Amino acid sequence: QVQLVDSGGGLVQPGGSLRLSCAASGRTFSSYAVGWFRQAPGKEREFVAAIDWNSGDVYYGESVKGRFTISKNNAERTVYLQMASLKSEDTAVYYCNAAKTVASMNLYGDWGQGTQVTVSS
């Protein structure tokens, strides 16, 4: 089990940028897939992005491709989600997630506490 601390949410105007962080507590992310899901009120949880810690392969949900970038910092044991060209529909609680594979993240992953992202003028 990996303990996750996610942070960086806030209020931003449409078209703006925000960076989320997900830090591992107590162990490294080695051999894990780490990423983000989001959930807006009244909607199902949605996959946002993930990175395979060892290979560096990245994956994105269709709605964020070309706008969001996921990256990692080995020394800091942290994964970052750089969000750009934000839209009102990006408003949601964003949850960090870590699992042995990208495919198993949603059902079997460990979750952070969530951080609110609000895109509004």
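In strand 3, S21 is the bridge partner of S7, where strands are DSSP runs of E with at least two residues, numbered from the N terminus. The structure is a predicted model, in which local features need pLDDT of at least 70 and side-chain atom pairs count only at pLDDT 80 or more, whereas totals for chains, interfaces and linings use all residues. Residues are numbered from 1 along each chain as its sequence is written, and side-chain values use heavy atoms, with hydrogens and water left out.

Strand 1 (residues 3-7) and strand 3 (residues 18-25) pair in the antiparallel sense over five bridges, two strands being taken as paired if DSSP finds at least two bridges between them. The side chains along strand 1 alternate, with L4 and D6 pointing to one face and buried, while Q3, V5 and S7 point to the other and are not buried. Here, buried means under 20% relative accessible area, exposed means over 50%, and partly exposed lies in between, for a 1.4 Å probe and protein chains only.

A50 belongs to strand 5 (residues 46-52) and is buried, with a relative accessible area of 0%. Contacts, defined as heavy atoms within 4.5 Å, join A50 to V34, G35, D57, V58, Y59, I70, V102 and M105, not counting residues up to four places away in sequence. One of these residues, V34, is 16 residues from A50 in sequence, and the two C-alpha atoms are 5.4 Å apart in space.

Side chains of opposite charge can pair when their charged atoms come close. The structure holds four salt bridges, each being a side-chain nitrogen of Lys or Arg within 4 Å of a carboxyl oxygen of Asp or Glu. R38, E46, R67 and D90 are linked in a network of such salt bridges. Within this network, the closest N and O atoms of R38 and E46 are 2.8 Å apart; R38 is buried at 6% relative accessible area, whereas E46 is partly exposed at 29%.

A salt bridge also joins the side chains of D90 and R38, at 2.9 Å from N to O. This pair links distant parts of the chain, 52 residues apart, with D90 in the loop between strand 8 (78-83) and strand 9 (92-99) and R38 in strand 4 (residues 33-39). D90 forms a salt bridge with R67 as well, the closest N and O atoms being 2.7 Å apart. Because R67 lies in the loop between strand 6 (58-60) and strand 7 (68-73) and D90 in the loop between strand 8 and strand 9, the pair ties together parts that are 23 residues apart in sequence. R67 counts as buried at 12% relative accessibility, and D90 is buried with a relative accessible area of 0%.

Conventions:
Helices (H or I, at least four residues) and strands (E, at least two) are DSSP runs, numbered from the N terminus.
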